[in-house]
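Here is a friendly walk through one protein model, meant to be read with the structure open beside it. Take a moment to turn it around before reading on.

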Amino acid sequence: MRAVVYHGPEDIRLEQAPEPVIADPEDAIVKVNTSSICGSDLHILHGLLPKMEPGRIIGHEFTGVVHEVGAAVRRFKSGDRVVGAAAVWCGRCRACKRGIYSACERGATFGHGPLLGDLAGAQADYVRVPFSDNALQPIAGGLSDEQVIFAGDILPTAYSALAGLTPGGRGLREGDNVVVFGLGPVGLCAVASAKLFKPAKVIAVDIQTERLAVAKRLGASEVLDASAKKEVRSAIKRLTDGWGADYVVEAVGKQESLANSIAVAAPGGVVSVLGAFQDPIMINAPRMQAKNLTVAMGMGDLGRMRELLDAIVAGRLDVTGIITHRMGLDEAIKAYEIFDKKLDGAIKILLGA
């Protein structure tokens, strides 16, 4: 089968690889119809993921058709259309019982090498899915792959940042003013998801004018160009009648962005951090304490896939507007270049079979 394979920093190749086989009774083999390139795939490309080894298939956003199932699989059969989660979880360990599936003691993330379970990725013709009754969701008959593919990764990540990153944590409330810093794919999904919570205003912040326009189409009440750094803080204060943002989503992963998030948060507010930080950072603890802020950091809750798919079916959520390119798996190396360099306004690139 064809697969996108990591061979070292700045070296990925499309090549032939062995087809996966059932290794556990809870496995399913999925024939991949559509996959996507994610920002974390770029971390792998640039050698930023520790312990990543040559020869690993990458990719973790996918839809497809069930090809084969193990003897213990109950929810799926050959021929079922499915969307896959970016990671798998057992549902039985201490972390899973607490609802923290990202910390599953038997879990693994597709295409992220030995550090995260050494599970082969999904930018390939076929992928093996452990714990498939958890990690796959059926695609309703009338939905396209484009409508649902992000429900397994960036969409639940963004939604979780609004619903509360930890079980029982404070989420976005009706009537809140929410600010989203960073309009990459996850930030844009946060903008689109925010309307499900009926906030007063959704304020989207970025330095790229084309992404500000996309945020507006996805439901942002206001968009702010962050290239005028000092003006962003004052603009948010003005837009919230001098109070500040009740809820802030940090989707950049930079110290400056987190500092801005803390600065614009209202007393008693929440800063929900999704940005993937590569290095330790400093935070303004005195300001946080003075404002009684809650800062939550974490991974998205992939267990929310079902409710997000229900929202898509009902027409209450649509993030297809972030798709800018549709290419074939045979064009994967070119697609990575476009995505990495943000050529031609790239936001999300789908790779079809």
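The report below covers strands, salt bridges, a cavity, a pocket and one loop residue.

## About the model

Please keep in mind that this is a predicted model. Residue numbers start from 1 along the chain.

## The opening hairpin

A good place to begin is the pair S1 and S2, which make a hairpin with 2 residues between them. In the turn, Glu10 has a positive phi of about 65 degrees. S1 covers residues 2-8, and S2 covers 11-16.

The two strands run antiparallel and are joined by 6 bridges. If you would like a landmark for the register, look for Val5, which stands opposite Arg13 in S2. Strands of a sheet pair through backbone hydrogen bonds, either parallel or antiparallel. The hairpin shows the antiparallel kind, and the next section turns to the parallel kind.

## A parallel sheet of six strands

Further along the chain you will find an open sheet of 6 strands with parallel pairing, in the order S13-S12-S11-S14-S15-S16. Its edges are strand S13 (222-225) and strand S16 (294-297), each of which pairs on one side only. On average, neighbouring strands of this sheet are turned by 15 degrees against each other, direction ignored.

Within the sheet, strand S14 (residues 245-250) and strand S15 (residues 265-273) run parallel and are joined by 5 bridges. To check the register here, find Val249, which stands opposite Ser272 in S15. In a regular strand the side chains alternate between the two faces of the sheet.

## Salt bridges across the chain

A search of the whole structure finds 17 salt bridges. One of them pairs Arg2 with Asp330, with 2.9 Å between the closest N and O atoms. Arg2 belongs to strand S1 and Asp330 to the loop between strand S17 (323-328) and helix H12 (332-341), so this contact ties together parts that are 328 residues apart in sequence. The two partners sit in contrasting surroundings: Arg2 is buried, with a relative accessible area of 18%, whereas Asp330 is exposed at 55%.

Another salt bridge joins Asp27 and Arg128, whose closest N and O atoms are 2.8 Å apart. This pair also links distant parts of the chain, since Asp27 lies in the loop between S2 and S3 while Arg128 lies in strand S9 (residues 126-129), 101 residues away. Asp27 counts as buried because its relative accessibility is 1%, and the cut-off for that class is under 20%. Arg128 is partly exposed, with a relative accessible area of 24%.

## A further pair and a network

Arg304 and Glu307 form a salt bridge as well, with the closest N and O atoms 3.5 Å apart. Here Arg304 counts as buried at 19% relative accessibility, and Glu307 counts as partly exposed at 35%. Salt bridges that share partners also join Arg2, Asp125 and Asp330 into one network.

## The cavity

The structure holds 1 cavity of 30 Å³ or more, and the largest cavity encloses about 40 Å³ of space. Which residues line the largest cavity? They are Val32, Asn33, Thr34, Ser35, Ala124, Asp125, Leu329, Leu351, Gly352 and Ala353. Asp125, a member of the salt-bridge network, is thus also part of this lining.

Strand S3 (28-36) and strand S18 (348-352) each supply at least two of the lining residues. The largest share, 4 residues, comes from S3. By class, the lining is made up of 5 nonpolar, 4 polar and 1 charged residues.

## The second largest pocket

The second largest pocket has a volume of about 180 Å³. It is lined by 16 residues, and those nearest its centre are Gly99, Leu165, Thr166, Pro167 and Met299. The lining of this pocket divides into 6 nonpolar, 8 polar and 2 charged residues.

## A buried loop residue

To finish, take a look at Ala346, found in the loop between H12 and S18. Is Ala346 buried or exposed? Ala346 is buried, because its relative accessible area is 3%. Ala346 and Ile22 are 324 residues apart in sequence, and their C-alpha atoms are 36 Å apart in space.

Terms used. This is a predicted model: local features need pLDDT of at least 70, side-chain atom pairs count only at pLDDT 80 or more; totals for chains, interfaces and linings use all residues. Side-chain values use heavy atoms; hydrogens and water are left out. On a 1 Å grid over the protein atoms alone, a cavity is a set of points where a 1.4 Å probe fits but cannot get out, and a pocket is an open set with protein on both sides within 12 Å along at least five of seven lines; lining residues have an atom within 4 Å of a point. Grid points are joined across faces, edges and corners, and a volume is the space filled by probe spheres set on the points. Ala, Val, Leu, Ile, Met, Phe, Trp, Tyr, Cys and Pro count as nonpolar, Asp, Glu, Lys and Arg as charged, and the others, Gly among them, as polar. A salt bridge is a side-chain nitrogen of Lys or Arg within 4 Å of a carboxyl oxygen of Asp or Glu. Buried means under 20% relative accessible area, exposed over 50%, partly exposed in between (1.4 Å probe, protein chains only). Two strands pair if DSSP finds at least two bridges between them. Axes are lines fitted to C-alpha atoms, for helices over the stretch in contact, and angles run from 0 to 180 degrees between N-to-C directions.
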